[in-house]
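User: Hi! Could you walk me through this model and keep the cut-offs explicit?
Analyst: Happy to, here it is.

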Amino acid sequence: QFDQPFDFISNGDIDINKLVSKEKQKLVKGVAEVHGTMSHKTLIDNLPKDISYGELRMVLASQQEKEV
């Protein structure tokens, strides 16, 4: 299934810090706090262009782990 890599991030099997820099994680988390996480397009539109959709999804997946 396509979401499998994100499942490994959300359950802690893959360390997000090895995939996305702490600086980018901080930016994604800050924008998510302001805009929420329901619209990935809104988040991408409010992030620097060097943050990819994949990086956004990985950071959000890592946050799911912490919310559980």
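Analyst: Below we go through the fold, then the salt bridges, a serine and a surface patch.

Analyst: Bear in mind that this is a predicted model, where local features need pLDDT of at least 70, side-chain atom pairs count only at pLDDT 80 or more, and totals for chains, interfaces and linings use all residues. Numbering starts from 1 along each chain as its sequence is written, and side-chain values use heavy atoms, leaving out hydrogens and water.

User: Thanks! How many helices and strands are there?
Analyst: The chain has 4 helices and 0 strands; helices are DSSP runs of H or I with at least four residues, strands are E runs of at least two, and both are numbered from the N terminus.

User: And what percentage of the residues count as buried?
Analyst: Of the 68 residues, 31% are buried. Buried means under 20% relative accessible area, exposed over 50%, and partly exposed in between, with a 1.4 Å probe and protein chains only.

User: Next topic: how many salt bridges?
Analyst: The count is 2, taking a side-chain nitrogen of Lys or Arg within 4 Å of a carboxyl oxygen of Asp or Glu. E55 and K24 form one of them, at 3.1 Å from N to O. That pair links distant parts of the chain, with E55 in helix α4 (residues 53–67) and K24 in helix α2, 31 residues apart.

User: Are those two buried or exposed?
Analyst: E55 is buried because its relative accessibility is 14%, and K24 is buried at 18%.

User: What about D45 and K41?
Analyst: Their side chains also meet in a salt bridge, at 2.8 Å from N to O. D45 and K41 are 4 residues apart in helix α3 (residues 40–45), so about one helical turn separates them. D45 is partly exposed at 43% relative accessible area, while K41 is exposed at 57%.

User: Switching again: where is S10?
Analyst: S10 sits in helix α1 and is buried, with a relative accessible area of 18%. Its C-alpha atom is 4.8 Å from that of A61, 51 residues away along the chain. A polar atom of the S10 side chain also lies 3.1 Å from the backbone oxygen of D7.

User: Last one: which residues make the nonpolar surface patch?
Analyst: F8, I14 and L19 make it, covering about 230 Å². Patch residues have over 30% relative accessible area and no salt bridge; nonpolar side chains (Val, Leu, Ile, Met, Phe, Trp, Tyr) are joined within 5 Å, like charges within 9 Å. Areas come from the Shrake-Rupley method with a 1.4 Å probe, and for residues only the protein chains shown count as cover. L19 lies in the loop between α1 (4–10) and α2 (22–35), and is partly exposed at 43%.

Methods. Polar contact = N/O pair within 3.5 Å; in protein donor to acceptor, adjacent residues only side chain to side chain.
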